[in-house]
Amino acid sequence: MNVSRCDIREDRDIPGQFSRLIQKYGITPDQLRIEITETAFAENPDLLISNTNKLRELGFQVEMDDFGSGYSSLHMLKEVPVDRIKLDLHFLTSSGDQKKSRTIVGCMIQMVELLEMKMIAEGVETVEQAEFLRHRGCPEMQGYYFFKPMPVEEFEKLSEEI
């Protein structure tokens, strides 16, 4: 579930809202992953750290979404207690020095592992990107290379076939 910057900025009791949701629908916190975009981390770090700590205390997994998309801060990786980094692969698809891009992504994968966090690379569009990430030790990937967005009915049919 994505949490918007507005929700953070306006301090809408996000932990309380998610607690009420799991009670209402009879699910457990580990069945939800809460994604907070990295731009929210830059806007109000103290409030975000507080919310993230409360969510994790309640048993939710918190992910930093879109890491690497423009506001990345190594300081945030150190200060904000997230469980998983969602690495934006814009590094590998944009113009610029591809050798540097691959070096940065490879080092990010290694750093996240050493920080004892989990990682998923998002935006994987080609077999070359998937192979590069796999060889560098990236455990999870998502993107158009695997599947494009689809209606719920198609997803349910696909999940039944797997």
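In which helix does Glu161 lie? In this predicted model, Glu161 belongs to helix 9, which spans residues 152–161. The residue is exposed, with a relative accessible area of 58%. Glu161 also contributes to a negative surface patch. The other members of that patch are Glu153, Glu154, Glu156 and Glu160.

The sheet is open and built from six strands. Their order is 1-2-3-4-5-6, and the pairing is parallel. Strand 1 (2–3) and strand 6 (141–142) stand at the edges. Each has a single partner strand, so one side of each is left without a neighbour in the sheet.

Pairing was then followed from strand 2 to strand 5. Strand 2 (residues 33–37) and strand 3 (residues 61–67) pair in the parallel sense over five bridges. Ile36 has Met64 of strand 3 as its bridge partner. Strand 3 and strand 4 are joined, again parallel, over three bridges. Here Phe67 has Leu87 of strand 4 as its bridge partner. Strand 4 pairs with strand 5 (residues 118–122) in the parallel sense over five bridges. For Asp88, the bridge partner in strand 5 is Glu122.

Strand 4 (residues 84–88) is largely enclosed by the rest of the structure, because five of its five residues are buried. In a regular strand, side chains alternate between the two faces of the sheet. Both faces of strand 4 are covered. On one side, Arg84, Lys86 and Asp88 are buried. On the other, Ile85 and Leu87 are buried. The charged residue Asp88 is thus buried, whereas Glu161 in helix 9 is exposed.

Methods:
Residues are numbered from 1 along each chain as its sequence is written. This is a predicted model: local features need pLDDT of at least 70, side-chain atom pairs count only at pLDDT 80 or more; totals for chains, interfaces and linings use all residues. Side-chain values use heavy atoms; hydrogens and water are left out. Patches are made of residues with over 30% relative accessible area and no salt bridge: like charges are joined within 9 Å, nonpolar side chains (Val, Leu, Ile, Met, Phe, Trp, Tyr) within 5 Å. Accessible areas come from the Shrake-Rupley method with a 1.4 Å probe; for residues, only the protein chains shown count as cover. A salt bridge is a side-chain nitrogen of Lys or Arg within 4 Å of a carboxyl oxygen of Asp or Glu. Lys and Arg count as positive and Asp and Glu as negative; His and the chain ends are not counted. The place of a charge is taken as NZ of Lys, CZ of Arg, CG of Asp or CD of Glu. Helices (H or I, at least four residues) and strands (E, at least two) are DSSP runs, numbered from the N terminus. Buried means under 20% relative accessible area, exposed over 50%, partly exposed in between (1.4 Å probe, protein chains only). Two strands pair if DSSP finds at least two bridges between them.
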